[in-house]
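Student: I have not met this protein chain before, and I would like to go through the model with you step by step. Could we begin with how far the model can be trusted and then turn to how the chain is built?

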Amino acid sequence: MLDKFLKEVVGIAAGKPAEDIASLLNSKKHVNEFLIAKKLDLTINQTRNILYKISDHGLVSSIRKKDKRKGWYTYFWKIEILKSLEFLKSALVNRIDQFQNQINSRSTKQFYICKRCNREFNEENALLHDFICNECGGIFSLKDNTKDLKDLKRSLDKYEKYLASVEIEIDKESLKLDKQKTKMLKQLSDDKLEKRRTKAKETAAKRKANKELAEKSGKKKPAKKVAKKKIVKKKPATKKKLIKKAVKKNSIKRKIVKKLTKKLTSKKKSVLGKKQIKKTASKKAVVKKKIKKK
Ligand SMILES: [Zn+2]
């Protein structure tokens with residue numbers, strides 16, 4: 001169906017003999033113009049003339065590639081299906097309008113005919129000729145429009161059906177283009193996501209490497225610290241409840257621990273040198289003693 005429509009389009013745009021180019025141009029990729037010429041058994045200039053005519057209506061797209069050795073450009077062409085179908089649609093709408101106008105005038109106006117010469121005149125012209133044929137001198141007779149009207153209505157019906165099927169094809173093609181667009185957008189966002197994941201992995205690996213490095217230089221102490229910090233960090237959720245229930249001693253202990261963690265956390269942010277670790281370690285010992293005392 002689509003191929004038939006595209007042929008019709010090319011026929012309207014570049015003349016009926018050019019129709020066969022339509023199926024060659026109905027391709028996902030752009031087609032080499034020399035290949036088109038060869039397949040149609042035309043010269044490259046004849047082929048280009050057809051392509052330019054179709055191109056004037058904006059129904060084809062082209063890309064060009066430079067021949068590196070010879071230095072000239074070769075063009076590659078492809079028919080734009082949706083544009084072509086819209087073009088066909090508007091041509092059909094025009095024709096349908098014409099039929100409707102004719103039907104209107106045939107059913108409301110009078111026409112005259114010279115039966116001998118088979119020439120037809122509308123009322124105005126018949127009046128101008130005084131209802132006498134200037135060719136044969138015969139007298140005009142009123143035309144019976146019944147058959148004409150019937151033919152016109154049949155044609156109108158045919159074209160309306162044709163238009164409906166073109167519109168179905170337009171819907172199909174639009175849907176296809178929408179899907180392609182969505183797919184492309186999804187591909188784009190997938191790529192972004194993938195990039196983000198890779199970056200996250202890299203950051204995690206770096207962090208791990210840094211941590212290992214710190215552990216080596218810090219004689220395992222940083223690991224302990226990290227572990228402690230984590231445990232303390234989790235506490236705040238249960239802390240309130242505990243404090244409410246707990247004895248005073250307990251709450252004092254907790255306060256000290258909190259202070260200590262604060263210090264540890266701020267220290268941890270800077271790179272851990274041995275000195276720092278020793279310092280915090282000794283501080284911790286002091287605090288521990290204090291807790292015991294209390
Ligand atoms: Zn006549």
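Student: Over residues 237–247, how many contacts beyond four places in sequence does the model have?

Tutor: This is a predicted model, and the confidence score pLDDT stays under 50 over residues 237–247. For comparison, the mean pLDDT of the protein chain is 83, and 74% of its residues reach 70 or more. In the stretch you ask about, the number of contacts beyond four places in sequence is 4.

Student: And how many such contacts does the model have for residues 265–280?

Tutor: Residues 265–280 also have a pLDDT that stays under 50. Contacts beyond four places in sequence are nevertheless present in the model for this stretch, and their number is 13.

Student: Turning to the whole protein chain, what percentage of its residues count as buried?

Tutor: The protein chain is built with 11 helices and 6 strands. Among its contacts with a separation of 6 or more, 60% come from residues 24 or more positions apart. Of its 294 residues, the share that counts as buried is 13%.

Student: Which helix gives the most residues to the largest nonpolar core?

Tutor: The largest nonpolar core has 25 residues, of which Val9, Val10 and Ile54 touch the most other members. At least two residues of this core come from each of α1 (2–14), α2 (21–25), α4 (44–56), β3 (73–79) and α5 (81–108). The core also draws at least three residues from each of domain 1 (2–79) and domain 2 (86–185). With 6 residues, the element that gives the most to this core is α1.

Student: Which residues does Val9 touch, not counting residues up to four places away in sequence?

Tutor: Val9 is one of the core residues that touch the most other members. Once residues up to four places away in sequence are set aside, the residues that Val9 touches are Ala22, Leu59, Ser84, Phe87 and Leu88.

Student: What covers the buried residues of α5?

Tutor: Helix α5 has 28 residues and reaches 40 Å from its first C-alpha to its last, close to the 40 Å expected at 1.5 Å a residue. Its buried residues are Ile81, Ser84, Leu85, Phe87, Leu88, Leu92 and Phe99. The elements covering them include α1, β3 and α7 (146–217).

Student: In the open sheet with the order β1-β3-β2, which strands are the edge strands?

Tutor: This sheet is formed by 3 strands with antiparallel pairing. Strand β3 pairs with β1 over 2 bridges, and β3 pairs with β2 over 7 bridges. Pairing on one side only, the edge strands are β1 (31–32) and β2 (60–66).

Student: Which residue in β3 is the bridge partner of Ile63?

Tutor: Strands β2 and β3 form a hairpin with 6 residues between them, and Gly71 in the turn has a positive phi of about 85°. On the other pairing of β3, Val31 stands opposite Trp77. For Ile63, the bridge partner in β3 is Phe76.

Student: In the sheet with the order β5-β4-β6, which residue of β5 is the bridge partner of Tyr112?

Tutor: This open sheet has 3 strands with antiparallel pairing, and its edge strands are β5 (119–122) and β6 (141–142). Strand β4 (residues 111–114) is joined to β5 by 4 bridges. In β5, the bridge partner of Tyr112 is Phe121.

Technical notes. Residues are numbered from 1 along each chain as its sequence is written. This is a predicted model: local features need pLDDT of at least 70, side-chain atom pairs count only at pLDDT 80 or more; totals for chains, interfaces and linings use all residues. A residue is buried if 20 or more other C-beta atoms lie within 10 Å of its own, exposed if 12 or fewer, and partly exposed in between; C-beta atoms are placed from the backbone. Two residues are in contact if their C-beta atoms, placed from the backbone, lie within 7 Å. pLDDT is the predictor's confidence in each residue, from 0 to 100. A nonpolar core is a set of buried Ala, Val, Leu, Ile, Met, Phe, Trp, Tyr and Cys residues joined through C-beta atoms within 7 Å. Domain bounds come from an automatic or database domain assignment. Two strands pair if DSSP finds at least two bridges between them. The expected span of a helix is 1.5 Å times one less than its number of residues.
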